[in-house]
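Student: Please take me through one part of this model closely. I would like to see how the inside is packed.

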Amino acid sequence: MASFSIHCPWIFTFGLLGNFVSFVVFLAPIPTFLRICRKKTTEGFQSLPYVVALFSAMIWLYYASLKSDVLLLITINSVGCFIEMIYIALYVAYAPKQARIATLRILILFNFGGFCSILLLSHFFVKGSNRVKVLGWACVIFSVSVFAAPLNIMRIVIRTKSVEFMPFTLSFFLTLSAITWLVYGVLVKDYYIAIPNIVGFIFGVLQMVLYVIYKNFKTAVPMEPKLPYSIDIAKLSPVSCEMKPAVCPQSNEEDDHTDQNSKDRSSQEQPNQFEV
């Protein structure tokens, strides 16, 4: 994210395009949350990317407040904060208890405690132009975190060979947004903008490559165990008989027939024992 200038048409064009693509990036997870609302469960989706994205938008807003001519920067990150808060609220509403508690804990410690710490430290311990530099590097770090947050999902994709929980639309628009803001950062010579988008471009391409590799795999991702891990072998015995109805009854008939033949032979042999 960055400010724009009307003095250079290319800078203004890429700034405006960056705002549009960033807005689409914020809207990209909508299909995911429609699915969550429809099924009333978060399934295997993670809240971390949305929590980190919210923090990144907050820190960029603070950075923008210290610079001039940053209307588009303020606008897009204000919209981003609003949208990310809606996503997190929906996640907390439908998440299991453990995931809900973990998300709220991260919000309190990271988005509230962390942001307040940065705000106070930069205000009281950093003066003048150095404050912009410190906040610029903070924006670089947390922007990289936004792009790197889906790394856990990438690990799950590689382990399970399933792309069910890695939306392609989000990966695609993150990559497009990174390219747009990278060009813009180079044009305005703002390396706080360019550096994180280099990383974002790399991660975005890697996610799309993983999607292409594993999109045709049908491996199911186990969410919650539906059966106990221990199996009672004794309870499986009737099932084997039901699967082989022609074998099990036949074996019983053969046993009965064998027993009957044995009794007949015994009855025939018994009188001979009393013959003189």
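Tutor: What follows goes from the core to a helix pair, then to rings and two buried residues.

This is a predicted model, in which local features need pLDDT of at least 70, side-chain atom pairs count only at pLDDT 80 or more, and totals for chains, interfaces and linings use all residues. Residues are numbered from 1 along each chain as its sequence is written, and side-chain values use heavy atoms, leaving out hydrogens and water.

Start with the core. A nonpolar core is a set of buried Ala, Val, Leu, Ile, Met, Phe, Trp, Tyr and Cys residues joined through side-chain atoms within 4.5 Å. Buried means under 20% relative accessible area; exposed means over 50%, and partly exposed lies in between (1.4 Å probe, protein chains only). The largest nonpolar core here has 37 residues. Ile-59, Trp-60, Tyr-63 and Ile-88 have the most contacts inside it. Several helices each supply at least two residues of this core, including helix 1 (9–27), helix 3 (48–65), helix 4 (71–94) and helix 5 (97–125). Helices are DSSP runs (H or I, at least four residues), numbered from the N terminus. Helix 3 gives the largest share of the core, 11 residues.

Now look at Ile-59. Leave aside its neighbours within four places in sequence. Ile-59 is then in contact (heavy atoms within 4.5 Å) with Phe-115, Ile-118, Leu-135, Ala-138 and Cys-139. Another core, of 8 residues, lies apart from the largest one. Among its residues are Val-157, Val-163, Met-166 and Leu-210.

Next, a helix pair. Helix 1 and helix 4 pack at an angle of about 5°, with axes 10 Å apart. Axes are lines fitted to C-alpha atoms, for helices over the stretch in contact, and angles run from 0 to 180 degrees between N-to-C directions. Helix 1 and helix 4 are therefore roughly parallel to each other. Roughly parallel covers angles under 35 degrees. Residues of helix 1 including Gly-15, Leu-16 and Phe-23 meet a set in helix 4 that includes Leu-72, Gly-80 and Tyr-87. By class, this contact has 9 nonpolar, 4 polar and 1 charged residues. Ala, Val, Leu, Ile, Met, Phe, Trp, Tyr, Cys and Pro count as nonpolar; Asp, Glu, Lys and Arg count as charged; the others, Gly among them, count as polar.

On to the rings. Rings of Phe, Tyr and Trp (its six-membered ring) pair if their centres lie within 6.5 Å; planes under 30 degrees apart are stacked, over 60 edge-to-face, and the rest tilted. There are 9 aromatic pairs by this rule. In one of them, Trp-10 and Phe-14 have ring centres 6.2 Å apart and planes at 35°, so the pair is tilted. Trp-10 and Phe-14 are 4 residues apart in helix 1, about one helical turn. Trp-10 is exposed, at 57% relative accessibility. Tyr-62 and Phe-115 have ring centres 6.4 Å apart and planes at 75°, so this pair is edge-to-face. Tyr-62 lies in helix 3 and Phe-115 in helix 5, so the pair ties together parts 53 residues apart in sequence. Tyr-62 is buried at 10%, and Phe-115 is buried at 17%. Ring pairs link Phe-55, Tyr-62, Phe-110 and Phe-115 into a cluster.

Last, two buried residues. Thr-42 sits in the loop between helix 2 and helix 3. Its relative accessible area is 1%. Beyond residues up to four places away in sequence, Thr-42 touches Ile-36, Tyr-91, Tyr-94, Ala-95 and Pro-96. Gly-80 lies in helix 4 and is buried at 0% relative accessibility. The C-alpha atoms of Gly-80 and Leu-54 are separated by 7.1 Å, yet these residues are 26 apart along the chain.

Terms used
Parallel < 35°, antiparallel > 145°, perpendicular 65-115°, else oblique.
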